[in-house]
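Reader: I should like to learn how to read the features of a helical model in order. Where should one begin?

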Amino acid sequence: MFSCEFSFDCVFNFSMYQLFMNFVRYYPIAGLFFFVLYVWKKNYFERFRIQDKYPKADKIIREIKQSAVTLITFSLIGISFFILAKLGILKLKVYKDPSLYGGIPYMILSFVILTIYHETYFYFLHRLMHTKTFYSLIHKVHHESVNPTPVAAYHFQYIEGFFEAIYLPVFLIFVPMYFPVFLFHTFYAMILNVIWHSGYEFMPKGFASHPIFKWISTSTHHNLHHQKFNGNYGLYFNFWDRILGTNFPNYEAYFDNLAEKRKLEKVETAPVLEKPSYQS
Ligand SMILES: [Zn+2]
Ligand SMILES: [Zn+2]
């Protein structure tokens, strides 16, 4: 795909593909989460909510609109790197022959390296974004969502959108990736981002303090970041926050408290079972 020679048509077709992949992937998926959790099954999922209140409509509309700015920024970065590669200025190491570089073991390895790299890049970028100047100039837009919804996942100011995306083409200059693995990464990165912003927690009590699972991030972890700002900076994992002591001190207790509350609500709202009646 897109092995065409550099020409207007070639760049135009790739641009349409980029826009399509970004928009037609994000809005339907984030929109589906929103529809199920906030509209269709709102009552059923209420007990899984992290914050009791629901965000106001104007905040949600703002999240939807600003996400479009991020998606355009993502597309422009993709198109720019495509042009640079076509002109021979850069060489992006995306390959289509799965037998190259050692097949499946290398695919898994490259996937793991990319995930660790993205986690580290995001954590330190995020901390930088919380310094006074960067926060007031750039990152405060993302924090307009104090009570985020699935469509807040890409609620970024365009400069932040640039930094949120640039890690990937830069990675491809140095590390070869099989195209489907690269595509899979972009999918799960987006879906997890949507889940972290959903406003709902589904993991059971003890997850955030479990010896193994505590190293994985949760929706509550990022929701607390939106509520309280200066802490809980991580992305997929709760690694750097734990190592560098930037988790909010009450994170694990807050998490368990939510799960406990959910259990109590379930008991309160459980249907009363009728006793079976037997006819003699
Ligand atoms: Zn932040
Ligand atoms: Zn966020």
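Author: Let us begin with helix length. The expected span of a helix is 1.5 Å times one less than its number of residues. This is a predicted model, and helix 3 (57-86) serves as the example. Helix 3 has 30 residues and spans 44 Å from its first C-alpha to its last, close to the 44 Å expected.

Reader: How many residues does helix 4 have, and what distance does helix 4 reach from its first C-alpha to its last?

Author: Helix 4 has 27 residues and reaches 38 Å, close to the expected 39 Å. As for what comes after helix 3, that helix is followed by Gly88, whose phi is positive, near 80 degrees.

Reader: How many helices and strands does the chain have, and in what pattern do they follow one another along the sequence?

Author: There are 10 helices and two strands. Read along the sequence, the pattern is α-α-α-β-α-α-α-β-α-α-α-α. The C-alpha atoms fill a box of roughly 80 × 60 × 40 Å along the principal axes. Among the contacts with a separation of 6 or more, 73% join residues 24 or more positions apart.

Reader: How should burial be read, and what share of the residues in the chain is buried?

Author: Burial is judged by counting neighbours: a residue is buried if 20 or more other C-beta atoms lie within 10 Å of its own, and exposed if 12 or fewer. Buried residues make up 28% of the 280 residues in the chain. In helix 3 the buried residues include Ile60, Leu71, Phe74, Phe81 and Phe82, and also Glu63, Gln66 and Ser67. The cover over the buried residues of helix 3 includes helix 1 and helix 6.

Reader: Which residues of helix 4 are buried, and what do they pack against?

Author: Ser110, Leu114, Tyr123, His126 and Met129 are buried in helix 4. They pack against helix 5 (132-137), helix 6, strand 2 (177-178), helix 7 and helix 9. Val112 also lies in helix 4, but Val112 counts as exposed because there are 10 other C-beta atoms within 10 Å. The C-alpha atoms of Val112 and Tyr38, 74 residues apart along the chain, are separated by 34 Å.

Reader: What is the general idea behind a nonpolar core, and which residues touch the most other members of the largest one here?

Author: In soluble globular proteins, nonpolar side chains tend to be buried together. The largest nonpolar core in this model has 26 residues, and Ala30, Phe33, Phe34, Leu37, Val151, Ala153 and Tyr154 touch the most other members. Helix 1 (8-40), helix 3, helix 6 (158-174) and helix 10 (251-269) each give two or more residues to this core. Helix 1 gives the most, with six residues. Leaving aside residues up to four places away in sequence, Phe34 touches Thr149, Pro150 and Val151.

Reader: How is a helix pair to be described? At what angle do the axes of helix 4 and helix 7 cross, and is the crossing left-handed or right-handed?

Author: One gives the approach of the axes, their angle, the handedness and then the residues that meet. The axes of helix 4 (residues 103-129) and helix 7 (residues 179-196) come within 10 Å and cross at roughly 40 degrees. The crossing is right-handed. From helix 4, Met107, Ser110, Phe111, Leu114 and His118 meet Val181, His185 and Ala189 of helix 7. By class, this contact has five nonpolar, three polar and no charged residues.

Reader: How should one read a positive phi, and where does Tyr101 lie?

Author: Most residues other than glycine have a negative phi, and most peptide bonds are trans. Tyr101 has a positive phi of about 60 degrees although it is not a glycine, and Tyr101 lies in the loop between strand 1 (94-95) and helix 4. Tyr101 counts as partly exposed because 17 other C-beta atoms lie within 10 Å. Leu100 is placed in the loop between strand 1 and helix 4. The C-alpha atoms of Leu100 and Tyr178 are 8.5 Å apart, although 78 residues separate them along the chain.

Reader: What is the phi of Asn232, and is Asn232 buried or exposed?

Author: The phi of Asn232 is near 55 degrees, a positive value in a residue other than glycine. Asn232 is found in the loop between helix 8 (219-228) and helix 9 (240-243). Asn232 counts as buried because it has 23 C-beta neighbours inside 10 Å.

Terms used
Residues numbered from 1 in each chain as written. Chains lettered and ligands numbered in written order. Predicted model: local features only at pLDDT ≥ 70, side-chain atom pairs only at ≥ 80, totals over all residues. Core = buried A, V, L, I, M, F, W, Y, C linked by C-beta atoms within 7 Å. Helix = DSSP H or I, 4+ residues; strand = E, 2+ residues; numbered from the N terminus. Contact = placed C-beta atoms within 7 Å. Axes fitted to C-alpha atoms, helices over the stretch in contact; angles between N-to-C directions. Left-handed = near helix turned anticlockwise from the far one by under 90°. Nonpolar A, V, L, I, M, F, W, Y, C, P; charged D, E, K, R; others polar.
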